[in-house]
Amino acid sequence: MDTLLVIDDTPDNLIFLLNFLSEHGFKVLMAHNGEDGIETAEFARPDLILLDVRMPGMDGFEVCKILKSKPKMKDTPIIFMTVITYTLDKVKGFELGAADYITKPIQNEEVLARVTAHLNVHKLQRQLTQQNQQLQQEIHRRQQLNETLQQELELRQQAELEREKALEALQAEKTSLAKRVEERTAELRVANSELTRALRLKDEFLANISHELRTPLTAILGLSETLQESVYGPLNDKQRNSLRTLENSGHHLLALINDLLDFSKIEAGKLTLEIGTVSVNEVCQASLQTTIDAARKKQIRVSTTLDYAVETIQADKPRLKEILVNLLSNAIKFTPKGGSIKLEVSGDTENGQVNFSVQDTGIGIAQEDIKYLFDPFVQLDGDLNRAQEGTGLGLSLVHRLTEMHGGRVSVQSEIGKGSRFTVSLPRRL
Ligand SMILES: Nc1ncnc2c1ncn2[C@@H]1O[C@H](COP(=O)(O)OP(=O)(O)OP(=O)(O)O)[C@@H](O)[C@H]1O
Ligand SMILES: [Mg+2]
């Protein structure tokens with residue numbers, strides 16, 4: 001229900017409006033003068049005010065001015081009531097912010113029409129203001145959103161820019177890396193070919209020098225043998241002993257030179273095998289013969305087990321002997337006095353192989369050292385090891401000669417218990 005405030009000093013008017021407007025569904029408040037009117041208006045906050053212009057004391061214009069100056073009241077529509085002849089009143093009323101005027105004497109239908117119209121206008125205005133406010137808020141919200149989006153966009157653009165830069169840097173790095181790899185590869189290729197050349201020269205040099213050393217050494221050995229046979233006159237014991245030492249050292253040197261020569265020939269790819277039918281028994285006996293003296297000196301028992309199903313093998317006889325002699329002399333060297341060694345031959349018909357294995361009760365080899373054994377010049381540390389002479393070429397020759405025969409070497413060993421070296425060769429090449 002809308003509330004109306006009527007301010008008028010004429011009681012008849014008040015009563016009339018009260019009755020008439022109440023009948024039409026309004027709540028009607030009344031004030032007899034300006035001061036009361038302002039007070040009631042502030043207190044009751046009516047939806048519309050009907051205000052008489054001519055009143056004793058504070059007149060309608062004054063009341064209107066005061067009401068319009070109060071923020072809470074300034075939008076409340078005010079309709080002036082004035083006598084028809086006072087045109088100036090109407091103008092002044094509008095200037096002061098009145099919504100409308102009605103003329104006295106009051107016409108029922110006119111009051112109702114104007115009041116209703118202004119209430120509607122006022123409501124619509126309020127609605128509009130509210131909608132406007134909402135719209136303003138929405139605009140503000142969207143502006144903020146827009147700003148946030150703008151910032152986000154800028155950040156992304158920046159990030160994208162940085163990513164592109166990083167990508168460029170990466171690309172540059174990649175290119176320079178590829179270039180460096182290329183340069184390095186080229187350098188390595190050159191170094192490699194120089195190294196290959198140097199290695200070949202070294203092997204050739206070793207082969208030449210070993211060969212050249214052998215000739216005078218053979219002469220020395222021949223002569224010391226001849227001298228020992230007293231061909232040039234009788235010898236005293238001292239002379240004989242010295243000549244024996246000379247001969248022993250010479251033989252030692254010859255063995256070393258032969259190993260070096262073989263090794264360098266193999267490395268230079270110049271050693272070729274002369275394969276023929278070899279009697280297994282013969283080659284084993286010959287190898288044992290070569291090493292038996294050394295074994296005897298250390299009171300090492302030597303036993304042999306042959307497989308009589310395996311009579312012959314296709315091999316290079318002197319090289320096969322070299323393999324076996326190397327393994328046997330190692331077994332003797334690295335077995336303390338009073339130990340035993342065993343040469344065993346067994347045929348493996350399934351794989352068409354012959355296994356030559358040399359077993360000892362010697363010092364053994366640590367598992368982690370086994371992988372180095374077949375590298376040239378490797379000699380393991382240890383008391384008995386260091387006490388032995390040698391160059392560390394024996395096993396590398398065994399390894400290479402075995403491979404040239406199409407076979408392979410394997411080792412089983414336990415520190416302090418002994419070792420077993422097995423060379424497996426194909427029976428037929
Ligand atoms: N039967 C074995 N028992 C224990 N250690 C061994 C045995 N055979 C070889 N080794 C170890 O392997 C090393 C290499 O052996 P390799 O035959 O190549 O050299 P070498 O016997 O010391 O010298 P070379 O054979 O040239 O006279 C030896 O120095 C030794 O330490
Ligand atoms: Mg050896």
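**Exercise 1. Which backbone oxygen does the side chain of Ser287 reach?** Locate Ser287 in this predicted model, then describe its surroundings.

*Solution.*
Step 1. Ser287 belongs to helix H7, which spans residues 280-297.
Step 2. Its side chain reaches the backbone oxygen of Val283, at 2.7 Å.
Step 3. The relative accessibility of Ser287 is 0%. Buried means under 20%, so Ser287 counts as buried.
Step 4. Leaving aside residues up to four places away in sequence, Ser287 touches Lys321, Leu324, Val325 and Leu328.

**Exercise 2. Identify the buried side of helix H2 and state what covers it.**

*Solution.*
Step 1. Helix H2 comprises residues 34-44, and Gly34, Gly37, Ile38 and Ala41 are buried in it.
Step 2. These residues lie on the same side of H2, because they cover an arc of only 95° around the axis.
Step 3. A general rule is consistent with such a pattern: an α-helix has 3.6 residues a turn, so residues three or four places apart point the same way.
Step 4. The cover over the buried residues of H2 includes three strands, S1 (3-7), S2 (27-31) and S3 (48-52), together with helix H3 (60-69).
Step 5. Glu39 and Phe43 are exposed, and they sit on the face of H2 turned away from its buried side.

**Exercise 3. Describe what is found at the start of H2 and just after it.**

*Solution.*
Step 1. At the start of H2, Asn33 places a side-chain oxygen within 3.3 Å of the backbone nitrogen of Glu35.
Step 2. Just after H2, Arg45 has a positive phi of about 50°; Arg45 is a residue other than glycine.
Step 3. Arg45 is in the loop between H2 and S3. Its relative accessible area is 44%, so Arg45 is partly exposed.

**Exercise 4. Examine the backbone at Pro105 and at Ser230.**

*Solution.*
Step 1. Between Lys104 and Pro105 the peptide bond is cis, with omega near -5°. Pro105 lies in the loop that runs between strand S5 (100-104) and H5.
Step 2. Ser230 is not a glycine, although it has a positive phi of about 55°. The loop between H5 and helix H6 (237-267) contains Ser230.
Step 3. With a relative accessible area of 27%, Ser230 is partly exposed.

**Exercise 5. Where in the structure do the salt bridges of Arg156, Glu187 and Arg200 lie?** Give the partner and the exposure in each case.

*Solution.*
Step 1. The whole structure holds 22 salt bridges, including the three treated here.
Step 2. Arg156 pairs with Glu152, the closest N and O atoms being 3.2 Å apart. Both residues lie in helix H5, 4 residues apart, about one turn of the helix. Arg156 is exposed at 56% relative accessibility, whereas Glu152 is partly exposed at 35%.
Step 3. Glu187 pairs with Arg184 at 2.8 Å, N to O. These two also lie in helix H5, 3 residues apart. Glu187 is partly exposed at 46%, and Arg184 is partly exposed at 47%.
Step 4. Arg200 pairs with Glu204 at 3.6 Å, N to O. Both lie in helix H5, 4 residues apart. Arg200 is partly exposed at 44%, and Glu204 is partly exposed at 29%.
Step 5. Elsewhere, salt bridges that share partners join Asp8, Asp52 and Lys104 into one network.

**Exercise 6. Which residues make the nonpolar surface patch of about 280 Å²?**

*Solution.*
Step 1. The patch is made by Phe205, Ile209 and Leu213.
Step 2. Ile209 is in helix H5, residues 108-228. Its relative accessible area is 36%, so Ile209 is partly exposed.

Notes:
Residues are numbered from 1 along each chain as its sequence is written. Chains are lettered from A and ligands numbered from 1 in the order in which they are written. This is a predicted model: local features need pLDDT of at least 70, side-chain atom pairs count only at pLDDT 80 or more; totals for chains, interfaces and linings use all residues. Side-chain values use heavy atoms; hydrogens and water are left out. Buried means under 20% relative accessible area, exposed over 50%, partly exposed in between (1.4 Å probe, protein chains only). The arc is that of the directions from the helix axis to the C-beta atoms. Contact means heavy atoms within 4.5 Å. A polar contact is a pair of N or O atoms within 3.5 Å; within protein, one must be able to donate a hydrogen and the other to accept it, and residues adjacent in sequence count only if both atoms are side-chain atoms. Patches are made of residues with over 30% relative accessible area and no salt bridge: like charges are joined within 9 Å, nonpolar side chains (Val, Leu, Ile, Met, Phe, Trp, Tyr) within 5 Å. Accessible areas come from the Shrake-Rupley method with a 1.4 Å probe; for residues, only the protein chains shown count as cover. A salt bridge is a side-chain nitrogen of Lys or Arg within 4 Å of a carboxyl oxygen of Asp or Glu.
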